[in-house]
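Trainee: I should like a close look at a single part of this model, set in the context of its chain and of the chain beside it. Please give the criteria behind each term as you proceed.

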2 protein chains.
Amino acid sequence: MANCIISIDLGGTRIRGARMDESLKILERHETYTLASEGLQAVLERIKQMIREVWPQNGDTVMGVGVSAPGPLDPKTGVIVAPPNLPGWHNVPLGDILTDAFNVPVYVGNDANVAALAESLVGAAQDGYRHVIYLTQSTGVGSGIIVDGRMLLGKRGLAAEAGHMPILYDADERVSTVELEAAGPGMARRARARIEAGESSLIVDLVEGDLTQITGSTVGKAAQQGDPLALEVVTRSARVLGLGVVSLLHLFNPEIVVIGGGVTALGDLIFNPVRETVSKYVRDPEYIVPIVPSVLGEDVSVFGAGALVPTKGGIEDIQHLREVM
Amino acid sequence: MANCIISIDLGGTRIRGARMDESLKILERHETYTLASEGLQAVLERIKQMIREVWPQNGDTVMGVGVSAPGPLDPKTGVIVAPPNLPGWHNVPLGDILTDAFNVPVYVGNDANVAALAESLVGAAQDGYRHVIYLTQSTGVGSGIIVDGRMLLGKRGLAAEAGHMPILYDADERVSTVELEAAGPGMARRARARIEAGESSLIVDLVEGDLTQITGSTVGKAAQQGDPLALEVVTRSARVLGLGVVSLLHLFNPEIVVIGGGVTALGDLIFNPVRETVSKYVRDPEYIVPIVPSVLGEDVSVFGAGALVPTKGGIEDIQHLREVM
């Protein structure tokens, strides 16, 4: 009989669940749709069902349940505040609800923060790094930051939202953010505006002429096929993300920057302009560090949620990293 | 016989020195000009002379010498890397030089970081705050950040340079930073450009028609006298600083923001637009915290340098705050 961990990744689209050993090796993994529009109670029920599905049948001891959830949330109390993509969820004490249901300790963390934890423990930043920036570029831009081996949470656990850094203050003094300019919806918006203004693009074919169907993913596909307009839009989004990285390098002086999220599946189309922007705009080459892709893919927050659960054995560094969770 | 601390604030214009007791009360204080253009050896000699001047004559024990210096510098080794306003200073092992000369431990910190330490210990953020942002708006924009009671230094001690956050990315893909837009020289540049383009302003009288003489201080004086152009320039610089604060609130979720530096002598002309910008652009009111003026004035880094020296008695929290210095 061994110890194990239950891990839940609650996303706006999918719920993923896993049972892991103490070194975060996945022993069993399930996945279902969140169907968030069905409301709070239905989703809570699906989370409990997922936990039951991955619960050990061999008598192993469950050390606790770790949950990754969309922010804002309070990691100290396990209360989900009001995630934009979970309608009906307002101040839900998810930690207490699951503790009552399963009678084990429950630990709740923001999805981007636990992803940073995961990449630091079993991913791209696992080789003893103590100063780590994790960014995700997908339908939003999120971040998790590890400062001298401890998760950056801030007073109320609302850190670190790099996507909400203002990044544009143009001649008309219009303010935008890294997320609004660099995430998928921003790419879609920009491509559509240029097409509506009369430019031609392969994107029009990909959406069969219905410009309302353009997504970040459409723009990415067209860019991979060499479409000039799509390439410009992708490059610009990567440059804005790169400017965000420049801010983070100057603020945190980290050792490594890990970037994940759906958009980074475009590989060099994203990473090259990010790295070029960083080289061009850092104050001093001393600030430049490796900027590498996430290696944990869609399971990054599954690993991270599991890492929230304190264990006696397992990975040496976890306790330190989760010190303030 | 008691313990005491020697504190040195090495600036581009002035060297300030003090002897303090263990609770950072100043017992004696001297000041001289840096005369940086005379070169490294001359400035080093003036620093040593300053230390001798404030050295105790009553047999008190010197626990150490704390030095505030312009970055970049390495707080672990006490090496001054290459400050723009200290010509001839390249990789100067100031810590070792002073240890050899005075035979006591020497601690070196970046001026903005030690200012944050000072405001947290004996200034505007002293009431038990563990998550503190300190910003300075003067000839540059600098910052020091305390994360959960510990100074944010990063891997090589190069954190936290908030002034170098990119804040502008316009249609021409031109990039600017918080410092370039919000510090004194940026204010002067902007005012001069508008006057050269034909606008009228009291500033012209203040510099007796010689537009090359416009400084941030000139713009500030004109703004205090109600000059519309100067008021617009000051307000814009405060708004850009406010956008920097928005980034920092989302990244760090601090408890308080303290702003010092010469430009903030303009009081509400700066603080009102900063607070308005923050209220307008934070993602959620939960991120809003008090934004207050520095209270330690020109001695902020004198106090901060003294606080670098470990003491047995004195202020309870110091040891924790300087944990990673």
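Mentor: The account below begins with the conventions, proceeds to the chain and the interface, and then turns to one helix and several backbone features.

This is a predicted model, in which local features need pLDDT of at least 70, side-chain atom pairs count only at pLDDT 80 or more, and totals for chains, interfaces and linings use all residues. Residues are numbered from 1 along each chain as its sequence is written, chains are lettered from A and ligands numbered from 1 in the order in which they are written, and side-chain values use heavy atoms, with hydrogens and water left out.

Chain A comprises eleven helices and 14 strands; these are DSSP runs numbered from the N terminus, a helix being H or I over at least four residues and a strand E over at least two. The radius of gyration of chain A is 20 Å, which agrees with the value near 20 Å for a compact globule of 325 residues; the radius is taken over C-alpha atoms, and the globule rule is 2.2 Å times the number of residues to the power 0.38. Along the principal axes, the C-alpha trace of chain A spans about 65 × 45 × 35 Å. Of the 325 residues in chain A, 58% are buried, where buried means under 20% relative accessible area, exposed over 50%, and partly exposed in between, with a 1.4 Å probe and protein chains only. Contact means heavy atoms within 4.5 Å; among contacts in chain A between residues at least 6 apart in sequence, 65% join residues at least 24 apart.

The contact between the chains takes 46 residues from chain A and 47 residues from chain B. Together they bury about 4,200 Å², with carbon and sulfur atoms giving 58% of that area. Buried area is the accessible area (1.4 Å probe) that two parts lose on being put together, summed over both. Of the area that chain B buries against chain A, 18% is supplied by Tyr169(B), Leu251(B) and Arg283(B), more than any other three residues.

The part for closest inspection is helix α10. In chain B, helix α10 covers residues 300–307, and eight of its eight residues are buried, so this helix is largely enclosed by the rest of the structure. The buried residues of α10(B) include Val300(B), Val302(B) and Phe303(B), as well as Gly304(B) and Gly306(B). In chain A, Ser301(A) has its place in helix α10, residues 300–307. Ser301(A) is buried, with a relative accessible area of 8%. Leaving aside neighbours within four places in sequence, Ser301(A) is in contact with Asp9(A), Ser68(A), Asp111(A), Val114(A) and Ala115(A).

Certain backbone features also merit inspection. A cis peptide bond with omega of about -5 degrees joins Gly71(B) and Pro72(B), and Pro72(B) is found in the loop between β4 (61–69) and β5 (73–74) of chain B. Another cis peptide bond, with omega of about 0 degrees, joins Ala159(B) and Ala160(B); Ala160(B) lies in the loop between β10 (150–151) and β11 (166–169) of chain B. Asn103(A) is a residue other than glycine with a positive phi, near 60 degrees. Asn103(A) lies in the loop between α2 (94–102) and β7 (106–110) of chain A and counts as exposed at 71% relative accessibility. Asn103(B) likewise has a positive phi of about 60 degrees although it is not a glycine, and at 70% relative accessibility Asn103(B) counts as exposed.
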